[in-house]
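Biologist: Could you take me through one helix of this model slowly, saying which way its residues face and what they meet? I am new to reading structures, so please connect each step to the one before.

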Amino acid sequence: MAKAAKDTRPIADQATSETACTYAALILYEDNQDIDSTKLAKIIKAANLRVEPIWTKVFEKALKGKKVGDLLHGSSGNAGSTPAAQATATPAAVETKKAEPAKEVKKAEEPEEDVDMGGLFD
């Protein structure tokens with residue numbers, strides 16, 4: 001029975017691992033594939049990198065059920081913050097927003113207290 005060769009490549013640091021998983025997820029998205037940890041790991045291995053298995057699982061869980069295209073284009077699903085929703089607002093609502101002056105929050109100044117620093121700055 002042939003023994004599998006042990007992978008001797010060093011494990012990538014956190015930033016490299018996150019970047020590798022991000023690129024692997026983008027590759028799967030572009031290829032219209034489901035994003036799962038097995039496919040992510042296969043792509044990362046093909047790129048001659050080695051990451052902790054937790055990273056592929058984290059990315060799988062984070063992207064499961066999400067539309068990656070929406071994430072890329074900045075659509076968060078909140079209709080109130082989209083430019084189209086802002087463009088369809090009534091002129092009266094726009095005027096109300098413009099008419100309200102910005103409220104300045106002033107912090108009451110407290111008198112400085114002399115604190116004994118134990119002769120540190122004598």
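**The two sides of helix α1**

Modeller: On one side of helix α1, Tyr 23 and Glu 30 are exposed, and that is a good place to begin, with the reminder that this is a predicted model. The helix itself runs over residues 14-30, and its 17 residues reach 24 Å from the first C-alpha to the last, which is close to the 24 Å expected at 1.5 Å a residue.

Turning to the other side, the buried residues of α1 are Ser 17, Ala 20, Cys 21, Ala 24, Ala 25 and Leu 28. Because these residues cover an arc of only 135° around the axis, they lie on the same side of α1. An α-helix has 3.6 residues a turn, so residues three or four places apart point the same way. What do the buried residues of α1 pack against? Their partners are α2 and α3.

One of these buried residues, Ala 25, can be followed in detail. Ala 25 has a relative accessibility of 5%, and it counts as buried because the cut-off for that word is under 20%. Leaving aside residues up to four places away in sequence, Ala 25 touches Ile 35, Leu 40 and Leu 63. Of these contacts, Leu 63 is 38 residues from Ala 25 in sequence, yet the two are 8.7 Å apart in space, counted from C-alpha to C-alpha. After the helix comes Asn 32, whose phi is positive, near 55°.

From here we can move on to helix α2, where Ser 37 has its place. Ser 37 is buried as well, with a relative accessible area of 16%, and, again not counting residues up to four places away in sequence, Ser 37 touches Thr 56, Lys 57 and Glu 60.

Helices α2 and α3 also come together in the description of the largest pocket, which holds about 210 Å³ of space. The elements that give two or more residues to its lining are α2 (37-46) and α3 (53-63), and α2 gives the most, with four residues. In total, 13 residues line this pocket, and those nearest its centre are Ala 41, Lys 45, Leu 49, Arg 50 and Val 51. By character, the lining residues divide into six nonpolar, two polar and five charged.

How values were computed. Residues numbered from 1 in each chain as written. Predicted model: local features only at pLDDT ≥ 70, side-chain atom pairs only at ≥ 80, totals over all residues. Heavy atoms only, no water. 1 Å grid on protein atoms, 1.4 Å probe; cavity = no way out; pocket = protein on both sides within 12 Å on 5 of 7 lines; lining within 4 Å. Points joined across faces, edges and corners; volume = space filled by probe spheres on them. Nonpolar A, V, L, I, M, F, W, Y, C, P; charged D, E, K, R; others polar. Buried < 20%, exposed > 50% of the residue type's maximum accessible area, 1.4 Å probe, protein only. Contact = heavy atoms within 4.5 Å. Expected span 1.5 Å × (residues − 1). Arc of directions from axis to C-beta.
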